[in-house]
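Trainee: Could you take me through the charged side chains of this model and how they pair up, and then set them beside the nonpolar core?

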Amino acid sequence: MTNPGPAAYPNTGAVANPGTAVSPQAGNTAAPNPGTNANANTGTGGTGSSGTAPPAQAPAPAASGGIAVVDAIYRGVVRSVSSKEVVIVDAGARVPLEIGTQTRILRNGEAIRVTELKEGEKVRAVVNLVGRSHTREISVLSGDEARRAAGVPLR
């Protein structure tokens, strides 16, 4: 069986691989039926493929130098502030946010010191979850943003 490639079964997601029968209607794969190939070698044992399909291609190399970024976004109310940590409450859960040298703290788009945050302010926090998680940014929400975050309809 030869590999017809991804274009063989458009809109199904099915791709035939050497040694695998593919149903283009459902995109399902099934083991080949060895009794239906008139050109198959007969005999017992052995390893490898007796088909005419080209060998499988190696996967494309990954992009080098890439950095994965996986952010979690929290919206909540500030409960406590120190130079090293801000604690917010998001949907009833206490969320401690570690403050590092790269953490940006913003109010109205302007950078502020972490100690300028006030208890009771509504904030949006972006935390990178890859490796050792770290807080990338804490933004104080404006009046409309704070009402939206609290689920209060805007007038």
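Mentor: A salt bridge here is a side-chain nitrogen of Lys or Arg within 4 Å of a carboxyl oxygen of Asp or Glu. This is a predicted model, in which local features need pLDDT of at least 70 and side-chain atom pairs count only at pLDDT 80 or more, while totals for chains, interfaces and linings use all residues. Residues are numbered from 1 along each chain as its sequence is written, and side-chain values use heavy atoms, with hydrogens and water left out.

The whole structure holds six salt bridges, and R104, R124 and E137 are linked in a network of them. Within that network, the closest N and O atoms of R104 and E137 are 2.4 Å apart; the pair links distant parts of the chain, with R104 in strand β6 and E137 in strand β9, 33 residues apart. Strands (E, at least two residues) are DSSP runs, numbered from the N terminus. E137 counts as buried at 11% relative accessibility, where buried means under 20% relative accessible area, exposed over 50%, and partly exposed in between, with a 1.4 Å probe and protein chains only.

Strand β9 also carries R136, whose side chain meets that of D71 in a salt bridge (3.0 Å, N to O). D71 belongs to strand β3 (residues 71-81), 65 residues away from R136. Here R136 is partly exposed at 35% relative accessibility, and D71 is likewise partly exposed at 32%.

Another salt bridge joins the side chains of E98 and R132 (2.9 Å, N to O). Because E98 lies in strand β5 and R132 in the loop between β8 and β9, this pair ties together parts that are 34 residues apart in sequence. E98 is partly exposed, with a relative accessible area of 40%, whereas R132 counts as exposed at 62%.

R107, found in strand β6 (residues 104-107), is buried with a relative accessible area of 18%. Its side chain makes a polar contact (a pair of N or O atoms within 3.5 Å, where within protein one must be able to donate a hydrogen and the other to accept it, and residues adjacent in sequence count only if both atoms are side-chain atoms) with the side chain of E121, at 2.9 Å.

As for the largest nonpolar core (buried Ala, Val, Leu, Ile, Met, Phe, Trp, Tyr and Cys residues joined through side-chain atoms within 4.5 Å), it has 15 residues, and V123 and I138 are among those that touch the most other members. The largest share of this core, three residues, comes from β8.

Conventions: Helix = DSSP H or I, 4+ residues; strand = E, 2+ residues; numbered from the N terminus.
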